[in-house]
Amino acid sequence: MTVPNSSLTGARRRRPLVVLVLVAVVVAASAGAAVWIAMRGASAVTVTLRDPVKREIAMELVGSAENSTLEWYERYDYIEDIGDGRGYTGGLVGFTSGTHDMLMLIERYTDEVAGNPLAEFLPALRAVDGTDSHEGLGEPFVQAWIAAAALPEFQKAQRDEVDRLYFEPAVSLAIADGLGALGQFAYFDAMVMHGDSGFADVRAQAREVEAAPANGGDERVYLSAFLDARVVEMKKEEAHEDTSRVDTAQRVFLDAGNLSLDPPLRWSVYGDPFEILSDPPAHW
């Protein structure tokens, strides 16, 4: 259940099951409820990645690396075997048939929509979990996935699993560590690619170099150490040899001191340039 993921030349990463018990230190500021975390060496977190605009920016950044597009909301129907040893990769963040999260997604969807076109493939998905096998899946499964992706219920199921497995655990832990929006995104992207175990290794390595802001460390120094450790983790797999999603994206924002992840943002991934010039409309 803890297999990292992949990254083909315009997509990918990853992972396993995310179960993190998190303690966040949150102080409500003013009647409306802006969240403040003011630790020595850390920026005050007034807007988190849960803000609709910040979440959109985060998803567009992930989409640029996962599917070579900012239009992440057009990729519910994406599915293929990218030859990374994880079977089929599909959907918003590349759920895979070989690393358990695709199985969890379809189990969740079936709990909510009984008799959906993907439910009949659950026995096959359980059988191939942990392998790259297509047995019992193949073209019928691919077509069923594409058909389901046109339905709002399956789209919601994908978003809910992204939240449950990756977004919320990563953002909650980043906030507890005293990190602003850029750090929250760095945690989220690492969780998407490496799963909970790989992410935990990256975070542990970073903390050996610099304390997290919540523990008195400097935010920029800590994030630099985190990204350094992330590159080391990526290079453990041939599929992750291209580390541009860190080197020419997250590192660019950090070097510019953009800890709040505010537009304009310009970066490149796998040689493709992207930009977000102003706050984008939310599609979540």
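## Getting oriented

A residue counts as buried when its relative accessible area is under 20%, as exposed when it is over 50%, and as partly exposed in between, with a 1.4 Å probe and protein chains only. Leucine 261 is buried by this rule, with a relative accessible area of 0%.

This is a predicted model, in which local features need pLDDT of at least 70 and side-chain atom pairs count only at pLDDT 80 or more, while totals for chains, interfaces and linings use all residues. Residues are numbered from 1 along each chain as its sequence is written, and side-chain values use heavy atoms, with hydrogens and water left out.

## The loop between H8 and E6

Helices (H or I, at least four residues) and strands (E, at least two) are DSSP runs, numbered from the N terminus. Leucine 261 sits in the loop between H8 and E6. Its phi is near 55°, a positive value in a residue other than glycine. Proline 264 belongs to the loop between H8 and strand E6 (265–269) too, and the peptide bond leading to proline 264 from proline 263 is cis, with omega near 5°.

Another positive phi is found at histidine 100, near 80°. Histidine 100 lies in the loop between E5 and helix H2 (101–112) and, at 14% relative accessibility, is buried.

## Strands and their partners

Two strands are said to pair if DSSP finds at least two bridges between them. E6 is joined to strand E7 (residues 272–276) by 5 bridges, and the two run antiparallel. Valine 269 stands opposite aspartate 272, and serine 268 faces proline 273. The hairpin of E6 and E7 has 2 residues between the strands, and tyrosine 270 takes a positive phi near 55° there. Side chains alternate along E6: Leu265, Trp267 and Val269 point to one face and are buried, while Arg266 and Ser268 point to the other and are not.

An open sheet of 3 strands follows the order E3-E4-E5, with antiparallel pairing. Strand E3 (79–81) and strand E5 (95–96) stand at the edges with a single partner strand each, so one side of each has no neighbour in the sheet. E3 and strand E4 (residues 88–90) are joined by 3 bridges, with aspartate 81 opposite tyrosine 88.

## Salt bridges

Here a salt bridge is a side-chain nitrogen of Lys or Arg within 4 Å of a carboxyl oxygen of Asp or Glu. The structure holds 18 of these salt bridges. One of them joins glutamate 168 and arginine 50 (2.9 Å, N to O). Glutamate 168 lies in helix H5 (residues 152–176) and arginine 50 in the loop between strand E2 (34–36) and helix H1 (52–66), so this pair ties together parts that are 118 residues apart in sequence.

What kind of contact do the side chains of lysine 54 and aspartate 262 make? They meet in a salt bridge (2.5 Å, N to O). This pair links helix H1, where lysine 54 lies, to the loop between H8 and E6, where aspartate 262 lies, 208 residues apart. Lysine 54 is buried at 8% relative accessibility, whereas aspartate 262 is partly exposed at 35%.

## A glutamate on the outside

Is glutamate 238 buried or exposed? Glutamate 238 is exposed, with a relative accessible area of 74%. You will find glutamate 238 in the loop between helix H7 (219–234) and helix H8 (244–255).
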